[in-house]
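Please look over the sequence and the structure shown below before reading on. The report moves from the overall picture to a few chosen places.

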Amino acid sequence: LAVLATHRLETSREHAADLLSRQHVREMLDGLKETHPALVEDLVPNRMSVGVVQRVLQRLLREGLPVRDLVTILEALSDAAESSKDPEALAEHARRALAPVIAEMLAGEGGTVRAISMGPRLEVALMQLFSPRPGNVGRTLEPADLHRALESLSELVQRLRADGTQAPLITPPGLRLGVRRLVEPVLPRLAVVSLAELPPQTPLLNLATWELIDAP
């Protein structure tokens, strides 16, 4: 029953995260307990509440990731449970554990991931924006800079879609979450994936580079 409900949840991806109730998560955990009792009992509720697991799964679903491999997800949450209780940070741990799944979802012919990369100037500027440090040398991003950058990314995505390519945006590990928050209002369906979320042997083909655009 839990497996059937999970499949139904994933086939309605438009509202999957909203459909995932706490009761649904409880049923999924109870079903998993039959085959992996130690994993479930060690984590829930001793080290993590059902509510936190629910919010992690909702975050994964919101970005189009399947949650049927609950064993891998819970193992990742168990490894990270002592260092964080924040669903956002825990979801990032789970995403890295799901690297083979992410690569399979994104891979095209020959297993190659055809993607949009980030330019070095933009990487440095966003690192300074998301995690400012005294003495950092780099361009300070103004609202106008961000607006131009997002317009540029939108144009890149639309051009690639016109060619029939749904290319993900590949980021450094430390920037994925911040970049996802930044682009979501403009490009909610764009897959934002960090290099840490792809197995090391994954072939990457750069189709375009997203870089800062100087003011006209």
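## A first term and the model as a whole

Two residues are said to be in contact when heavy atoms of theirs lie within 4.5 Å. With that in hand, the reader should know that this is a predicted model, and that the protein averages a pLDDT of 90, with 90% of the residues scoring at least 70. Over residues 1–5, however, pLDDT stays under 50, and for this stretch the model has three contacts beyond four places in sequence.

The protein has eleven helices and four strands, and buried residues make up 45% of its 216 residues. If one takes the contacts with a separation of 6 or more, residues 24 or more positions apart account for 73% of them. The protein exposes about 11500 Å², of which carbon and sulfur atoms supply 54%.

## Two nonpolar cores

In soluble globular proteins, nonpolar side chains tend to be buried together. The largest nonpolar core here has 39 residues, and those with the most contacts inside it are Leu 57, Leu 60, Leu 74 and Leu 77. Among the elements that give two or more residues to this core are α3 (22–33), α5 (50–62), α6 (70–80), α7 (87–97) and the strand β1 (113–118). The element that gives the most to this core is α5, with seven residues.

A second, separate core has 25 residues, including Leu 156, Leu 169, Val 192 and Leu 212. Returning to the largest core, one can look at Leu 57, which, not counting residues up to four places away in sequence, touches Leu 20, Val 25, Met 28, Val 67, Leu 70 and Ile 73.

## Buried places in two helices

Val 56 is found in helix α5. Is Val 56 buried or exposed? Residues under 20% relative accessible area count as buried, and Val 56 is therefore buried, at 0% relative accessibility. Leaving aside its neighbours within four places in sequence, Val 56 is in contact with Leu 77, Pro 87, Leu 90, Ala 91 and Ala 94. Along the chain, Val 56 and His 93 are 37 residues apart, while their C-alpha atoms are separated by 9.9 Å.

Ser 78, whose place is in helix α6, is also buried, with a relative accessible area of 14%. When residues up to four places away in sequence are not counted, Ser 78 touches Asp 42, Leu 43 and Arg 47.

## How two helices meet, and one enclosed helix

The helices α7 and α8 pack at an angle of about 70°, with their axes 5 Å apart. Angles of 65 to 115 degrees count as roughly perpendicular, so α7 is roughly perpendicular to α8. On the side of α7 the contact is made by Arg 95, Arg 96 and Ala 97, and on the side of α8 by Ala 99, Pro 100 and Ile 102.

Helix α11 (residues 176–183) is largely enclosed by the rest of the structure, because six of its eight residues are buried. These buried residues of α11 are Arg 176, Gly 178, Val 179, Arg 180, Leu 182 and Val 183.

## An exposed loop residue

Gly 110 lies in the loop between α8 and β1. With a relative accessible area of 72%, Gly 110 is exposed, since the cut-off for that word is over 50%. Gly 110 and Pro 203 are 93 residues apart in sequence, and yet they are 8.6 Å apart in space, C-alpha to C-alpha.

Methods. Residues are numbered from 1 along each chain as its sequence is written. This is a predicted model: local features need pLDDT of at least 70, side-chain atom pairs count only at pLDDT 80 or more; totals for chains, interfaces and linings use all residues. Side-chain values use heavy atoms; hydrogens and water are left out. Buried means under 20% relative accessible area, exposed over 50%, partly exposed in between (1.4 Å probe, protein chains only). Accessible areas come from the Shrake-Rupley method with a 1.4 Å probe; for residues, only the protein chains shown count as cover. A nonpolar core is a set of buried Ala, Val, Leu, Ile, Met, Phe, Trp, Tyr and Cys residues joined through side-chain atoms within 4.5 Å. pLDDT is the predictor's confidence in each residue, from 0 to 100. Axes are lines fitted to C-alpha atoms, for helices over the stretch in contact, and angles run from 0 to 180 degrees between N-to-C directions. Angles under 35 degrees count as roughly parallel, over 145 as roughly antiparallel, 65 to 115 as roughly perpendicular and the rest as oblique.
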